Amino acid sequence: MKHTVMIIEDEEALALILKYNLEKEGYNVVWESRGNRAIAQIEANHPSVILLDWMLPEISGVEICKMIRNKPDIKNIPVIMLTAKGEEEDKVKGLSAGADDYVTKPFSIPELMARVKTNIRRAPEPIVEKELVFEDIIMDLVEKKVRRGDNYIHLGPTEFRLLKTLIETPGKVFSREYLLKNVWGDNIYVESRTVDVHIRRLRKSLNEYGVDYIRTVRAAGESIDSNFTGDDE
Ligand code: CA
């Protein structure tokens with residue numbers, strides 16, 4: 001099976017050199033130049049290793065690395081930070097953000113190839129999260145089914161993704177903008193009111209078999225919260 005290497009790098013010339021050399025070594029390569037598309041691409045491609053540039057225009061590599069480590073389905077993917085900064089302090093920052101390895105530009109291609117190989121070999125077997133549980137709500141991520149106790153709940157794909165986002169970080173209030181970006185994606189134009197519509201649908205389906213844990217915080221966003229039951233709208 002071919003391993004996929006994901007390159008997140010805004011410098012096209014460098015990305016192309018990396019892509020060429022990685023393909024020569026037999027890897028599948030996915031290149032993403034935009035930082036704000038990185039997480040969606042990683043989730044879609046599930047690479048064996050990620051080469052992550054530190055300096056990206058929209059969002060820094062360090063921020064992306066932290067986001068990767070907070071997402072249960074991708075958090076175990078090794079991350080090699082690519083950076084022009086060689087300072088010890090930055091290295092520490094990169095590693096404490098959760099990077100597995102650190103390569104300073106300009107680097108030698110053979111050295112980087114060796115690092116890629118090592119990181120893939122060292123990586124733990126991908127733990128694919130099969131279930132997300134919140135109170136009595138159980139999401140089967142493999143079968144894409146949701147139940148409360150013994151009752152299966154039918155959710156549309158958008159409601160499923162919404163619920164998954166909320167349940168991954170209980171108690172956190174997600175803004176409509178965040179949800180639009182993460183649930184609908186960057187390239188699709190939808191009005192923020194659309195979020196409300198789908199939250200209502202999600203709520204209606206979920207609450208059929210249990211208490212309402214979805215909390216709408218006016219002017220802030222949505223969350224799932226066990227300290228909260230009942231609607232404030
Ligand atoms: Ca860059």
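**Entry 1: Leu18**

I started at Leu18, which sits in helix 1, residues 12-24. This is a predicted model, so I kept that in mind for every value below. Is Leu18 buried or exposed? Its relative accessible area is 0%, under the 20% cut-off, so I wrote it down as buried.

Next I looked up its partners. Leaving out residues up to four places away in sequence, Leu18 touches Ile7, Leu51, Leu82, Phe107, Ile109, Leu112 and Met113. I also checked its separation from Leu179, a residue 161 places along the chain from Leu18: the two C-alpha atoms are 33 Å apart. Leu179 turns up again in the helix entries, where it is listed among the residues of helix 7 that meet helix 6.

**Entry 2: the chain as a whole**

I stepped back for the overall numbers. The protein chain has eight helices and 11 strands. Along the principal axes, its C-alpha atoms fill a box of roughly 60 × 35 × 30 Å. Of the 233 residues, 45% are buried. I then took the contacts between residues at least 6 apart in sequence, and 56% of these join residues at least 24 apart.

**Entry 3: the calcium ion**

Which protein residues are donors of the calcium ion? I found Asp10 and Asp53, each through OD, and Met55 through its O atom, at 2.1 to 2.3 Å from the ion. Along the sequence these donor residues follow the spacing D-x42-D-x1-M.

I looked up accessibility for two of the donors. Asp53 has a relative accessible area of 2%, so I noted it as buried. Met55 comes out at 52%, just past the 50% cut-off, and therefore counts as exposed.

**Entry 4: helix 6 against helix 7**

Helix 6 covers residues 157-168 and helix 7 covers residues 176-184. Their axes come within 10 Å and cross at roughly 120°. Why do I call helix 6 and helix 7 oblique to each other? Because an angle of roughly 120° lies outside the 65 to 115 degree range for roughly perpendicular and is not over 145, the pair falls into the oblique class. The crossing of helix 6 past helix 7 is right-handed.

From helix 6, the residues in the contact are Thr158, Arg161, Leu162 and Thr165; from helix 7 they are Tyr178, Leu179, Val183 and Trp184. Sorted by class, the residues of this contact are five nonpolar, two polar and one charged.

**Entry 5: helix 7 against helix 8**

I carried on to helix 8, residues 192-207. Helix 7 and helix 8 pack at an angle of about 75°, with axes 9 Å apart. That angle falls between 65 and 115 degrees, so I put the two helices down as roughly perpendicular.

Which residues of helix 7 meet helix 8? They are Arg176, Leu179, Leu180 and Trp184, and on the helix 8 side I found Ser192, Thr194, Val195, Asp196 and His198. By class, I have four nonpolar, three polar and two charged residues here. Leu179 and Trp184 are listed in the contact with helix 6 and also in the contact with helix 8.

**Entry 6: backbone oddities**

I went looking for backbone exceptions, as most residues other than glycine have a negative phi, and most peptide bonds are trans.

A cis peptide bond joins Lys105 and Pro106, with omega at about -5°. Pro106 lies in the loop between strand 5 (101-104) and helix 5 (109-122).

His46 is not a glycine, yet its phi is positive at about 40°. I placed His46 in the loop between helix 2 (38-45) and strand 3 (49-53). Its relative accessibility of 40% makes it partly exposed.

Lys144 also has a positive phi, near 55°. Lys144 belongs to the loop between strand 7 (137-140) and strand 8 (145-148). Is Lys144 buried or exposed? With a relative accessible area of 57%, Lys144 is exposed.

**Entry 7: Ala123**

My last stop was Ala123, in the loop between helix 5 and strand 6 (131-134). At a relative accessible area of 23%, it is over the 20% limit for buried and therefore counts as partly exposed. I looked up its separation from Glu58 too: these residues are 65 apart along the chain, and their C-alpha atoms are separated by 28 Å.

Terms used:
Residues numbered from 1 in each chain as written. Predicted model: local features only at pLDDT ≥ 70, side-chain atom pairs only at ≥ 80, totals over all residues. Heavy atoms only, no water. Donors = N, O, S within 2.8 Å, 3.2 Å for Na, K, Ca; no water. Buried < 20%, exposed > 50% of the residue type's maximum accessible area, 1.4 Å probe, protein only. Axes fitted to C-alpha atoms, helices over the stretch in contact; angles between N-to-C directions. Helix = DSSP H or I, 4+ residues; strand = E, 2+ residues; numbered from the N terminus. Parallel < 35°, antiparallel > 145°, perpendicular 65-115°, else oblique. Left-handed = near helix turned anticlockwise from the far one by under 90°. Contact = heavy atoms within 4.5 Å. Nonpolar A, V, L, I, M, F, W, Y, C, P; charged D, E, K, R; others polar.
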